[in-house]
Amino acid sequence: MKKFLLRSIALLLCLTALLSFAACKSYEAIEPEEQDVKVVGKVGDFEVLYEEIRFMVLSRRGPIISKYDDLGMSEEELDAKVEEKLWEYLSESILTNYAVLHMCRELGIEATEEKLLAAVQLTVEETIDSCGSTSKYKKYLSENHLTDHFLRFNTCVDKMQNELFYAYRDDLGLIENEDDKIYDIISSEFLRTQHIYISKENGKTEAENKEILDTVMEEIASGKDFFEIAKVYNEDTSLTSDGVYLTKGYMSEKYEEAAYLLGIDECSGVVEDEEGYYIIKRLKQDPLYVMIHFDELSDRYQHYAFIGMIDEYAETLEFVPNDYLKSLKLVDIE
């Protein structure tokens, strides 16, 4: 239910350096197939490769098909709708990922740094060891629509993002790091909410879920305690009487839009996002809770402040597919 940032990148920076480094270790990098490293577009300074598009398409296509499969569309209409939604998904996800790479480059953080290469190699070795053997590792890659080549760069960008965070916070001061000031931010900008969540993937029909939501709204209108109602109907097992302390970016955009319009003790109507339905109640903050959980809330503030910076940078970028990618049908990629 929380927003997350999909970590997936293309082969971008100094392949020779990375492969030569990996070759001196116990597990050598697996040579990519020619198709996997075919350039299919650009985002700013960086090329996008087929292996990234394939990973994204195969990871997302199934859920998209499931969402539209029961709407009575013809096969052609369904293919067109899935194709449209895949393009939307690719464009958004790719821009977010490449924002990290551009931001790193502006600060001189590159994938060719020896400490990054060493960290990538260690992560790959740990993954192979956890799989039990190289052959099982290859099976793991295949089952998850990955290549060794793509996984290494995906891991590298994750680690570059970590370096970027510390540079923004500790070196540039772009993310607040003083406890007193963070406490003020939590007190003034965080919302405390409770919610009743009904998933779209709970095995019930849309009509059945609507009936549940109508019942919940009727019980709220009757004056029944919100949390007691939540105990009966809520499908978010993580929710407690303490509620959720959220900052911008922590929950879905539609959830936050509704929550930030509420006054203390007010309830929303039904809020729908991609995953399900929410009925939200805003609560007054508990200062004791904030003090006890300050470290957790401080980390939450810093993380989502950083994610907001990445999202803002992503809005300045554009994914430009080349003619080869335009010639492909995403619904047919295997």
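**Exercise 1. Describe the hairpin formed by S1 and S2, and state which residue in its turn has a positive phi.**

Solution. Begin with the connection: strands S1 and S2 form a hairpin with 2 residues between them, and in the turn Gly-44 has a positive phi of about 60 degrees. Next, place the strands, which are DSSP runs (E, at least two residues, while helices are H or I runs of at least four), numbered from the N terminus. S1 covers residues 39-43 and S2 covers residues 46-49; the two run antiparallel and are joined by 4 bridges, where pairing requires that DSSP finds at least two bridges between two strands. Within this pairing, Val-39 stands opposite Leu-49 in S2.

The model is predicted, so local features need pLDDT of at least 70 and side-chain atom pairs count only at pLDDT 80 or more, whereas totals for chains, interfaces and linings use all residues. Residues are numbered from 1 along each chain as its sequence is written, and side-chain values use heavy atoms, with hydrogens and water left out.

**Exercise 2. Find how many bridges join S1 to strand S7, and in which direction the two strands run, parallel or antiparallel.**

Solution. Strand S7 comprises residues 319-321, and 3 bridges join S1 to S7 in an antiparallel arrangement. As a point of reference for inspecting this pairing, Gly-41 stands opposite Pro-321 in S7.

**Exercise 3. Work out how the rings of Tyr-168 and Phe-306 are arranged, and which helices hold them.**

Solution. A pair of aromatic rings is described by the distance of the centres and the angle of the planes. Rings of Phe, Tyr and Trp (its six-membered ring) pair if their centres lie within 6.5 Å, and planes under 30 degrees apart count as stacked, over 60 as edge-to-face and the rest as tilted. The structure holds 10 aromatic pairs. One of them joins Tyr-168 and Phe-306, whose centres are 6.1 Å apart with 80 degrees between the planes, an edge-to-face arrangement. This pair links distant parts of the chain, with Tyr-168 in helix H6 (residues 148-171) and Phe-306 in helix H12 (residues 294-314), 138 residues apart. Buried means under 20% relative accessible area, exposed over 50% and partly exposed in between (1.4 Å probe, protein chains only); Tyr-168, at 9%, therefore counts as buried, and Phe-306 is buried because its value is 3%. Finally, Phe-165, Tyr-166, Tyr-168 and Phe-306 form one aromatic cluster.

**Exercise 4. Determine what kind of aromatic pair Tyr-197 and Tyr-278 form.**

Solution. The centres of Tyr-197 and Tyr-278 lie 4.8 Å apart and their planes are 40 degrees apart, which makes the pair tilted. Because Tyr-197 lies in strand S3 (residues 191-199) and Tyr-278 in strand S6 (residues 276-283), the pair ties together parts that are 81 residues apart in sequence. Both tyrosines, Tyr-197 and Tyr-278, are buried.

**Exercise 5. Locate the salt bridge between Glu-296 and Arg-300, and decide whether each partner is buried or partly exposed.**

Solution. A salt bridge is a side-chain nitrogen of Lys or Arg within 4 Å of a carboxyl oxygen of Asp or Glu, and by this rule the count comes to 14 salt bridges. In the one sought here, the side chains of Glu-296 and Arg-300 meet at 2.7 Å, N to O. The two residues are separated by about one helical turn, because they are 4 residues apart in helix H12. Glu-296 is partly exposed, with a relative accessible area of 39%, whereas Arg-300 counts as buried at 12%.
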